[in-house]
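This report walks through a protein model, one region at a time. Keep the sequence and the 3D view open while reading.

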Amino acid sequence: MATERLYLFDTTLRDGAQTSGVDFSLEDKLQIASMLDSLGIDYIEGGYPGANPADTELFAKDRKLKAHFTAFGMIKRHGRSVENDPGLQEILNAKCDAICFVAKAWDYHVRVALGCSNEENIEGIRQSIRAAIAAGKEALLDCEHFFDGYKTNPEYALSCAKTAYEAGARWVVLCDTNGGTLPNEIRQIVSEVVKVVPGTHVGIHAHNDTEHAVANSLAAVRAGARQIQGTLNGIGERCGNANLISIIPTLMLKSHYADRFELNISSGKLATLTQVSRAFDELLNRAPASQAPYVGESAFATSAGIHASAIMKSPDTYEHIDPEQVGNERRLLVSDQAGRSNILAQLDRLGIEVEKDDPRISTLLSVVKERQTLGYAYEVAEASFALLAHRTLGHVPEYFSVESYRVMVERRYNAKGELVTVSEATVKALIDGEITFSVGEGNGPVNALDMALRKDLGKYSHYISDLTLIDYKVRVLTGGTDAVTRVLVESGDAQGNRWFTLGVSPNIVDASFHALLDSITYKLHKNGAPHP
Ligand SMILES: [Zn+2]
């Protein structure tokens, strides 16, 4: 049977940015967009150009993405022409491939919130879609409160959808904006919509207020919709949006969908899903949900006991999919053998060559396991893992050593009588048999320590001259008896390389020190710095 194409539209950077406690920087947004692009998402909604400086800057950037980078914004305001609506003009002129407009599809909202007539709203939809197409963009319309609108006035909701389609919209997206609609209702209403707008032009945007956002998205697909909107890990305001991380494997691995549909995601990319999900949580600086379907740490952790031997013999008796298909792993069977193949796969991915039966693999495995219990998370700090692996295999020399360091924080009045907080760090390092002392000052202890560390590394200095710190994240882990701090540092260089290193310690400055040291050593090794 010929398969039909389903399109994925990610709105993490737009609707997901409404999540309480989430505040994406421009760097975050670019990193998330590149993650989504590499996964094979068809549309990436970047935000609302003109609404805030970060989004405006994002849309001005050269992004080099394969996905359709999409701007979001309101349709033309009533009482104004397309040319005379500055907000609309900003969106039309944004550097993007597609524009997703939002319009009210519930007559009650048109009356109460917009204060215009139903016809004026319809006209606004028509003119905005046409203007987007005239500006050379693909046009989409998010029909806000579509399902609630349909329940009270089906003719009007349908006429909004039909108007957008007839004006040339590539997609008419039905939004369950308050997230209260149930799967059976979604299926029934979408079946009515596809009689007016072909399903190959219909999308679904579901919210999770009844824990049905994923089920609602699938129900819409079964009724004929062919675009699904959602977010990474289901973030979004209130209870979140439809979770693409759950939807993607269901569509690709469950035969009911897999036999009928295809996505722009290869099975190889599907195997990175767990990593994508966890890297995204790390970026949000929050702990991944261990019970997350498909990608959670517990997703394939069947409790031992009577099932254990059966799972050993035949995993498919207790698992609905093979965890490796989504890049996850079976927890019960994290025997040395499973752990070994996991490590080998990581080494292979990093291009580190080693014989499969090399005894040093076991050493590396036990070090990784031991450090994991201490709070290290190597899946988010590949450079630290690569360094550890290279060290275990004897590839990395000790270029230099830090004999001691001291960091001082002082709050005092300066000469102008202003209260200031200053930090100073002193590092005593051993380089090429010689002791050096370096002093650094900074606005904080970590900044001062970084300055002092990099100030004078003798013959190694020029190998790290272009090293820059891009981001710094702190997480306090409270699992054991004492809280420990995990610091994740993102570094970059002039060639545009990016790498993540980490440090774990009960002391935040010390955790930062280890992460900084790893970053410098990683850079020296990568640049082929000579042995001491
Ligand atoms: Zn939404």
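How many residues lie between β11 and β12 in their hairpin, and which residue in the turn has a positive phi? Five residues separate the two strands, and the turn residue is Gly417, with a phi of about 80°. The model is a predicted one.

**The hairpin**

Strand β11 covers residues 400-413, and strand β12 covers residues 419-431. They pair in the antiparallel sense over 13 bridges. To find the register, look at Glu410, which stands opposite Val422 in β12.

**The barrel**

A second sheet topic is the barrel. Eight strands close it, in the order β2-β3-β4-β5-β6-β7-β8-β9. The pairing is parallel. Neighbouring strands of this sheet are turned by 25° against each other on average, direction ignored.

Take β7 and β8 as a sample pair. Strand β7 holds residues 171-176 and runs parallel to β8, joined to it by five bridges. Within this pair, Cys175 stands opposite His205 in β8. Helix α9 packs on the sheet and touches β7, β8 and β9 (227-230). The direction of α9 makes about 165° with that of β8.

Helix α1 also lies across strands, namely β2, β3 (43-47) and β4 (68-74). It runs at about 170° to β3.

**The zinc site**

Which residues coordinate the zinc ion? Asp15 does so through OD, while His205 and His207 each use NE2. The distances run from 1.9 to 2.2 Å. Along the chain, the donors follow the spacing D-x189-H-x1-H. Asp15 and His207 thus link distant parts of the chain, 192 residues apart. Asp15 sits in the loop between β2 (7-10) and α1 (26-39). His207 sits in the loop between β8 (202-206) and α9 (213-223).

Are Asp15 and His207 buried or exposed? Buried means under 20% relative accessible area. Asp15 has a relative accessible area of 5%, so it counts as buried. His207 has 3%, so it is buried as well.

The loop between β8 and α9 also holds Glu211. Glu211 has a relative accessible area of 66% and is therefore exposed.

**Asp97 and its contacts**

Asp97 is placed in the loop between α3 (86-92) and β5 (98-104). Its relative accessible area is 37%, so it is partly exposed. Leaving aside neighbours within four places in sequence, Asp97 is in contact with Ala67, His68, Phe69, Lys137 and Glu138. Ala67 is 30 residues away along the chain, yet its C-alpha atom is 8.7 Å from that of Asp97. With Phe69 there is a polar contact: a polar side-chain atom of Asp97 lies 2.7 Å from the backbone nitrogen of Phe69.

**Two helices**

Helix α13 (residues 273-284) has twelve residues. From first C-alpha to last it reaches 17 Å, close to the 16 Å expected at 1.5 Å a residue. Why can α13 be called largely enclosed by the rest of the structure? Because ten of its twelve residues are buried. Among them are Leu273, Val276, Phe280 and Leu284, but also Arg278, Asp281 and Glu282. The buried residues pack against α1, α10 (244-253), α12 (267-270), β14 (468-477) and β15 (484-492). Asn285 follows the helix, in the loop between α13 and α14 (308-313). Asn285 is partly exposed, with a relative accessible area of 32%.

Helix α19 spans residues 508-526. Its 19 residues should cover 27 Å at 1.5 Å a residue, and its end C-alpha atoms are 27 Å apart, so the two agree. Asn507 caps the N-terminal end of α19, with a side-chain oxygen 2.7 Å from the backbone nitrogen of Val509. After the helix comes Gly528.

**Positive phi values**

Most residues other than glycine have a negative phi. The table lists residues with a positive phi.

| Residue | Phi | Place |
|---|---|---|
| Glu211 | about 65° | loop between β8 and α9 |
| Asn285 | about 60° | loop between α13 and α14 |
| Gly417 | about 80° | turn of the β11 and β12 hairpin |
| Gly528 | near 65° | follows α19 |

Glu211 has its positive phi although it is not a glycine. The like is true of Asn285, which is not a glycine either.

Methods: Residues are numbered from 1 along each chain as its sequence is written. This is a predicted model: local features need pLDDT of at least 70, side-chain atom pairs count only at pLDDT 80 or more; totals for chains, interfaces and linings use all residues. Side-chain values use heavy atoms; hydrogens and water are left out. Donors are N, O and S atoms within 2.8 Å of the metal (3.2 Å for Na, K and Ca); water is not among the atoms, so sites may look incomplete. Helices (H or I, at least four residues) and strands (E, at least two) are DSSP runs, numbered from the N terminus. Buried means under 20% relative accessible area, exposed over 50%, partly exposed in between (1.4 Å probe, protein chains only). Two strands pair if DSSP finds at least two bridges between them. Axes are lines fitted to C-alpha atoms, for helices over the stretch in contact, and angles run from 0 to 180 degrees between N-to-C directions. Contact means heavy atoms within 4.5 Å. The expected span of a helix is 1.5 Å times one less than its number of residues. A polar contact is a pair of N or O atoms within 3.5 Å; within protein, one must be able to donate a hydrogen and the other to accept it, and residues adjacent in sequence count only if both atoms are side-chain atoms.
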